[in-house]
Amino acid sequence: MDQLNGVAGTADGDEINLLQAADERARSYTATIGNRRAWPAPEALEALSAFQEDFPEHGMTATDTLRLLDDIGSPATSASTGPNYFGYVIGGVLPAAAAAERLVLAWDQRASTFDSSPVSDVIETQAARWILEALDLPRSAGVGFGTSATACTIACLAAARRALLARAGWNWDRHGAQGAPVVRVMLPETAHVALIKALRILGFGLDNLVRLPVDGSGRAIVEQVPDADDLTILCLQAGEVNTGSFDDFAKLIPMAQARGAWVHVDGAFGLWARASSSRALCDGVEWADSWTADGHKWLNTPYDGAFAICREADNMATAMSSEAVYAPTSASAQQNLTLEFSRRARGIPIWAALRTLGRDGLRQLVDRNISQAQHVAERLRAEGYEILNDVVLNQVLVRADDDERTQRICRAAQASGVAWFGMTRWEGRPAFRLSFSSWRTNQENLDKLVALLVGLLRDVKN
Ligand SMILES: Cc1ncc(COP(=O)(O)O)c(C=O)c1O
């Protein structure tokens, strides 16, 4: 029993003290986030070897475990929740969402049905309603809170295929893939790798995918999209990851649906434009059959949290059903809308974020990041950088005057710890990509970023 107490973290006699110590350390991390290196110092990375211990015969104390985690772990984090992080599309964490997350951790709910967690069921139902309002999508759609846009895309595409096949008289649940009519998937050449992963896992076959030619902004060229039919899934993008561009939903969705196709929209981060003053970028997106979007990117909620949204909730509920003799099925129970049978209440920090932002705050969050992207793009262009995209959203694609210099600048910026952003490829050549997605980033951070890039451009030219 003594040993179990040790393992359980109470060797020092007090679980509450331990949690308080964890909270103190977490508070101090957050309080210093603005001054942390955006990427760890080399010595912090070297110190990570401290975790490579032998599996202990006898458990260590929880206090010591927490100490190791913070003393060695915290300095080796990328400060991606801080204001100087411009990599991928990560976003910070809004205070209300972070606070809700802490309480939800203490609750440790199986947030899959009302029976297993009444509070989670009620709050997530509310969060789902607000998401549909914020994104102005059909209010009767089903919303599953999944781990990521990738997982939610799997749920949406599974629902899409099952529904198209059902219309063609094929029972997917009973007969599966063997002998099934072929469902064809069309997607832009620039589709995110997460969508391709989802399609591969679902068994569509990479060689069978119809890749759509794109224009200079990465949008499917409307005139070159082949005719769809009633066994077609057309995947479109709200926010291409490099340029932030949007497919022409208003033209493409009605065209495909008139022929019986299912249209899915990957809106991992870009769908939030719909809640902003740039809403017109997404005109027509509301006609799609399913959508995925993340909370953990632009909504600034903690990792991990995303949504699978399906116009006909029953299509998702039947595809994702977790029905078992002891678990009654309903289109509103999260266990029937996500991949997981058991899951944590990841919709609650999302509810907290939406409740504290309100419509106004959400619009400001998205608008501010868009204008930050445009502002930095202008300044970098004036300093001799090439800006490769039309900056309509929060992504800026940048090149120096040659590929080698572009790569050197990116590596030097990453090593500096002053800011962090990553490399990408655009039209076959290296570029770096700046993403403005955090509520924390302010003018001072932008000035620092521009100064860093101006200095590095000067250095590589000398
Ligand atoms: C356009 C797009 N789709 C999908 C994804 C995958 O999202 P997640 O990491 O939540 O699976 C990303 C991630 O950057 C993305 O930018």
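Helices (H or I, at least four residues) and strands (E, at least two) are DSSP runs, numbered from the N terminus. The views below show a predicted model, in which local features need pLDDT of at least 70, side-chain atom pairs count only at pLDDT 80 or more, and totals for chains, interfaces and linings use all residues. Residues are numbered from 1 along each chain as its sequence is written, and side-chain values use heavy atoms, with hydrogens and water left out.

**View 1. The loop residue Ser-438 and its contact with Arg-440.** Ser-438 belongs to the loop between β11 (429-435) and α14 (443-461). Its relative accessible area is 3%, so Ser-438 is buried (under 20%; exposed is over 50%, partly exposed in between; 1.4 Å probe, protein chains only). A polar atom of the Ser-438 side chain lies 3.0 Å from the backbone nitrogen of Arg-440. A polar contact is a pair of N or O atoms within 3.5 Å; within protein, one must be able to donate a hydrogen and the other to accept it, and residues adjacent in sequence count only if both atoms are side-chain atoms.

**View 2. The shell around the ligand.** The ligand is surrounded by 13 residues, the closest being Thr-150, Asp-266, Asp-294, His-296 and Lys-297; a residue is counted here if one of its heavy atoms lies within 4 Å of the molecule. By class, the shell holds 5 nonpolar, 5 polar and 3 charged residues. In this scheme Ala, Val, Leu, Ile, Met, Phe, Trp, Tyr, Cys and Pro count as nonpolar, Asp, Glu, Lys and Arg as charged, and the others, Gly among them, as polar.

**View 3. Polar atoms at the ligand oxygens.** A polar side-chain atom of Thr-150 lies 2.5 Å from an oxygen atom of the ligand. For Asp-294, an N or O atom in the side chain is 2.8 Å from a ligand oxygen. Ala-149 has a backbone N or O atom 2.9 Å from an oxygen atom of the ligand. Of the 400 Å² of accessible area that the ligand has on its own, the protein covers 86% (Shrake-Rupley method, 1.4 Å probe).

**View 4. His-296 beside Asp-294.** The side chains of His-296 and Asp-294 make a polar contact at 2.9 Å. His-296 is found in the loop between β6 and β7. With a relative accessible area of 4%, His-296 is buried.

**View 5. Backbone features of the loop between β6 (290-294) and β7 (306-310).** Most residues other than glycine have a negative phi, and most peptide bonds are trans. Asn-300, in this loop, has a positive phi of about 60° although it is not a glycine. Asn-300 is buried, at a relative accessible area of 0%. Asp-304 lies in the loop too, and the peptide bond leading to it from Tyr-303 is cis, with omega near -5°.

**View 6. Glu-427 in the loop between β10 (422-426) and β11.** Glu-427 is not a glycine, yet its phi is positive, about 50°. At 62% relative accessibility, the residue counts as exposed.

**View 7. Ala-151 and Ala-198.** Ala-151 lies in helix α7 (residues 149-167) and is buried, with a relative accessible area of 12%. Its C-alpha atom is separated by 7.5 Å from that of Ala-198, and the two residues are 47 residues apart along the chain.
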